[in-house]
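Have the sequence and the 3D view open while you read. We'll go through a few spots together, one at a time.

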Amino acid sequence: MKSSKKVLAFALAAAMVVTAVPATNAQAASTAKLSATKATVYSEGYKTVTVKTPKSWKSVKVTATSNKKSVAKVKKTAAKKIKVTGVKPGTAKVTVKVTYKTSTKKSAKTKTKKLTYTMKVAKASVALSGDSVVAIGSTTKLTNTKKNSSRAKITYTSSDDTIAKVDATTGVVTGVKAGKVTIKAKITVGKDSAETTKDVEVKNVILDSVTPTEANKVVAIVKGNTKNLKKADFVVTGTETKATVAVTDISVDAKDATKVTLTLAAKLTDAKEYGVALDGITKTFVASDGKVASIALDQATIPYATETEVKLVSKDVNGVVLKELTTTDAASDANYNFTIDTKGNGYTNGSKLYLNKVNDTAEATIEYKTGKYDQN
């Protein structure tokens, strides 16, 4: 009895040890499986699925069928490879049938293993981003923000080409004349399609930005037909005070017609925010604080043998011009001293400097008095 008990105890212990051992690679590969069980594509998109079987299996044959051929179709590309292609939006289940024998013996039975692969065909979508306003002669680009197949094609059309034209493939809209149009975008991929629209207004001019360059001057960047702009077209208003600052003059740059300089009736040095309005669009800027941060000459090189006016220029920390003074002007301004020493190389005539020949120099001295004093 004692001997039999020992054998039984040993057998139980051995059984427990065997149970605790993890599955071997041979055990893990003892059945057929797919390289993937699901995928999402767009119409005409495809995925290739590989059937993996143990090396010991014999006479392996693979077939596949789709339960919705109108959504996804299947095609064998190799003995164990299946190409699944999306046809139109929806979900289809592909049944992969694996027929095999585990031995070459005549007595070996044919076995079957069925595997399932799910393909979702996503619907194409389109949504447009881009400016809804464009100036005559200017362009804006509309783009699709939705994710789609790389095979998808987008076509853009305008409801009225006489107002705004749109490039059929790039979505670039060009303003032709003032008015409103509807831009339609249609995306197509295989048997699937989607479309959307965006309203675009074409204006004569569009205010893009405003930047103060002097205490009483602001440069406005304006797209469109600027040659007919008038000073009355611009309205400058204090954001906080709501007070209007009159525009006394405007000038369009001869080389860059988008650059329009506004001359204001008052010098703005209060560091406050102001708005400039033009044809329904308002852009803001912050006025100078009026504090001099730098002083320099307006030009350090002049043509020889030519009387040329030279000025001192003082600017704030942002480069806004606070004052421009000639030597004559500075003589009556208590805050500045401005002198020019020709060093015998020429002469001064009022506010003008004359230098005799090329490479002659004169020395200019500029002094700005801050008005701050200590005990010395």
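What follows is a short tour of one sheet, one hairpin, two residues and two pockets.

One thing to keep in mind from the start: this is a predicted model.

**An open sheet**

Let's begin with a sheet built from four strands, in the order β2-β8-β7-β4. The sheet is open, and its pairing is mixed. Strands in a sheet are held as partners through backbone hydrogen bonds, and they can run parallel or antiparallel. Which strands sit at the edges? They are β2 (38-42) and β4, and because each has a single partner strand, one side of each has no neighbour in the sheet. On average, neighbouring strands here are turned by 25° against each other, ignoring direction.

Now zoom in on β2 and its partner β8 (residues 111-122). The two pair in the parallel sense, over five bridges. Within this pair, Tyr42 stands opposite Ala122 in β8.

**Ser70, in a loop**

Ala122 also helps you place Ser70: their C-alpha atoms are 14 Å apart, although the two positions lie 52 residues apart along the chain count. Ser70 itself belongs to the loop between β4 (58-66) and β5 (72-78). Is Ser70 buried, exposed or partly exposed? Its relative accessibility is 40%, so it counts as partly exposed, since that class runs between 20% and 50%. Leaving out residues up to four places away in sequence, Ser70 touches Val87 and Lys88.

**Val205, in a strand**

Next, find Val205 in strand β18 (residues 205-214). With a relative accessibility of 7%, Val205 counts as buried, because the cut-off for that is under 20%. What does Val205 touch, apart from neighbours within four places in sequence? Its contacts are Val222, Lys223, Gly224, Asn225, Thr226, Leu229, Leu278 and Asp279. For a sense of distance, try Pro89: it is 116 residues from Val205 along the chain, and the C-alpha atoms of the two are separated by 45 Å.

**A hairpin**

Asp279, one of the contacts of Val205, sits in the turn of a hairpin formed by β24 and β25. The hairpin has two residues between its strands, and Asp279 has a positive phi of about 50°. Strand β24 (residues 273-278) and strand β25 (residues 281-286) run antiparallel and are joined by six bridges. Look across the pair and you'll see Ala277 opposite Thr282 in β25.

**Two pockets**

Finally, here are the two pockets side by side.

| Pocket | Volume | Lining by class |
|---|---|---|
| Largest pocket | about 300 Å³ | 12 nonpolar, four polar and three charged residues |
| Second largest pocket | about 210 Å³ | six nonpolar, four polar and four charged residues |

The largest pocket is lined by 19 residues, and those nearest its centre are Ala300, Thr301, Ile302, Leu355 and Ala362. Strands β32 (352-355) and β33 (363-368) each give at least two residues to this lining.

The second largest pocket has a volume of about 210 Å³. It is lined by 14 residues, with Asp131, Val133, Ile206, Asp208 and Lys223 closest to its centre. Which strands supply at least two lining residues each? They are β10 (133-135), β11 (139-141), β18 and β25. You've already met two of these names: β18 is the strand that holds Val205, and β25 is part of the hairpin.

Note on methods:
Residues are numbered from 1 along each chain as its sequence is written. This is a predicted model: local features need pLDDT of at least 70, side-chain atom pairs count only at pLDDT 80 or more; totals for chains, interfaces and linings use all residues. Side-chain values use heavy atoms; hydrogens and water are left out. Buried means under 20% relative accessible area, exposed over 50%, partly exposed in between (1.4 Å probe, protein chains only). Contact means heavy atoms within 4.5 Å. Two strands pair if DSSP finds at least two bridges between them. Axes are lines fitted to C-alpha atoms, for helices over the stretch in contact, and angles run from 0 to 180 degrees between N-to-C directions. On a 1 Å grid over the protein atoms alone, a cavity is a set of points where a 1.4 Å probe fits but cannot get out, and a pocket is an open set with protein on both sides within 12 Å along at least five of seven lines; lining residues have an atom within 4 Å of a point. Grid points are joined across faces, edges and corners, and a volume is the space filled by probe spheres set on the points. Ala, Val, Leu, Ile, Met, Phe, Trp, Tyr, Cys and Pro count as nonpolar, Asp, Glu, Lys and Arg as charged, and the others, Gly among them, as polar.
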